[in-house]
Amino acid sequence: MDAVNPKYILRNYLCQSAIDAAEQGDFDEVRRLLKVMERPYDEQPGMEKYARLPPAWAYRPGVCMLSCSS
């Protein structure tokens, strides 16, 4: 299963967090996110937060709850 299912998935809430930081001039989160997504199937110690399910705040319209028509 690990060979065909990525551990790290580019989720909307991760992108939004990186965008929010970048809008404030801090591009560190963008760089970390890009680095993790270069190898989504590999174990990456210290990057566990990028493999978690979305936090409760992310379950709002426009973040994680998008439909096909969005």
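This passage walks through the helices, the salt bridges and a few individual residues of a predicted model.

Starting with the overall make-up, the protein chain has two helices and zero strands. Of its 70 residues, 24% are buried. The accessible surface adds up to about 5,200 Å², and carbon and sulfur atoms supply 56% of that. As for how the chain meets itself, take the contacts with a separation of 6 or more: 68% of them are between residues 24 or more positions apart.

Next come the two helices. Two packed helices are described by the angle between their axes and the distance between the axes. Here, H1 covers residues 12-23 and H2 covers residues 28-37, and their axes come within 7 Å of each other while crossing at roughly 145°. On the H1 side, the residues that meet H2 are Leu14, Cys15, Ala18 and Ala22, and their counterparts in H2 are Glu29, Val30 and Leu33. Sorted by class, this contact has six nonpolar residues, no polar ones and one charged residue.

H2 also has a clear buried side. Glu29, Leu33, Val36 and Met37 are the buried residues in this helix. They sit on the same side of H2 because they cover an arc of only 95° around the axis. These buried residues of H2 pack against H1. On the face turned away from that buried side, H2 carries the exposed residues Arg31 and Leu34.

Glu29 deserves a second look, since this residue turns up in the helix contact and again among the salt bridges. Its relative accessibility is 10%, so Glu29 counts as buried. The Glu29 side chain meets that of Arg32 in a salt bridge, with an N to O distance of 2.9 Å. Both residues lie in helix H2, three residues apart, or about one turn of the helix. An α-helix has 3.6 residues a turn, so residues three or four places apart point the same way. The two partners still end up with unlike labels: Glu29 is buried at 10%, whereas Arg32 counts as partly exposed at 36% relative accessibility. The pair is also part of something wider, as Glu29, Arg32 and Lys49 are linked in a network of salt bridges.

Across the whole structure, the search finds five salt bridges. Side chains of opposite charge can pair when their charged atoms come close. One of these bridges brings together the side chains of Lys7 and Glu43, at 3.5 Å from N to O. This pair links distant parts of the chain: Lys7 belongs to the segment before H1 and Glu43 to the segment after H2, with the two positions 36 residues apart. Lys7 is partly exposed, with a relative accessible area of 32%, while Glu43 is exposed, at 59%. Another bridge joins Arg39 to Asp42, and there the closest N and O atoms are 3.0 Å apart. In this pair both ends are partly exposed, with Arg39 at 36% relative accessibility and Asp42 at 35%.

That leaves three residues from the stretch that follows H2. Gln44 has its place in the segment after H2 and is buried, with a relative accessible area of just 6%. Setting aside neighbours within four places in sequence, Gln44 is in contact with Tyr8, Lys35, Val36 and Arg39. Two names in that list have come up already: Val36 is one of the buried residues of H2, and Arg39 is the salt-bridge partner of Asp42.

Leu53 and Pro54 round things off. Leu53 is found in the segment after H2, and so is Pro54. Are these residues buried or exposed? Leu53 is exposed, with a relative accessible area of 65%, whereas Pro54 counts as buried because its relative accessibility of 14% falls under the 20% cut-off. Arg11 serves as a reference point for both. The C-alpha atoms of Leu53 and Arg11 are separated by 9.2 Å, although the two residues are 42 residues apart along the chain. For Pro54 and Arg11, 43 residues apart along the chain, the C-alpha separation is 8.0 Å. Not counting residues up to four places away in sequence, Leu53 touches Arg11 and Tyr13.

Notes. Residues are numbered from 1 along each chain as its sequence is written. This is a predicted model: local features need pLDDT of at least 70, side-chain atom pairs count only at pLDDT 80 or more; totals for chains, interfaces and linings use all residues. Side-chain values use heavy atoms; hydrogens and water are left out. Axes are lines fitted to C-alpha atoms, for helices over the stretch in contact, and angles run from 0 to 180 degrees between N-to-C directions. Helices (H or I, at least four residues) and strands (E, at least two) are DSSP runs, numbered from the N terminus. Contact means heavy atoms within 4.5 Å. Ala, Val, Leu, Ile, Met, Phe, Trp, Tyr, Cys and Pro count as nonpolar, Asp, Glu, Lys and Arg as charged, and the others, Gly among them, as polar. A salt bridge is a side-chain nitrogen of Lys or Arg within 4 Å of a carboxyl oxygen of Asp or Glu. Buried means under 20% relative accessible area, exposed over 50%, partly exposed in between (1.4 Å probe, protein chains only). Accessible areas come from the Shrake-Rupley method with a 1.4 Å probe; for residues, only the protein chains shown count as cover. The arc is that of the directions from the helix axis to the C-beta atoms.
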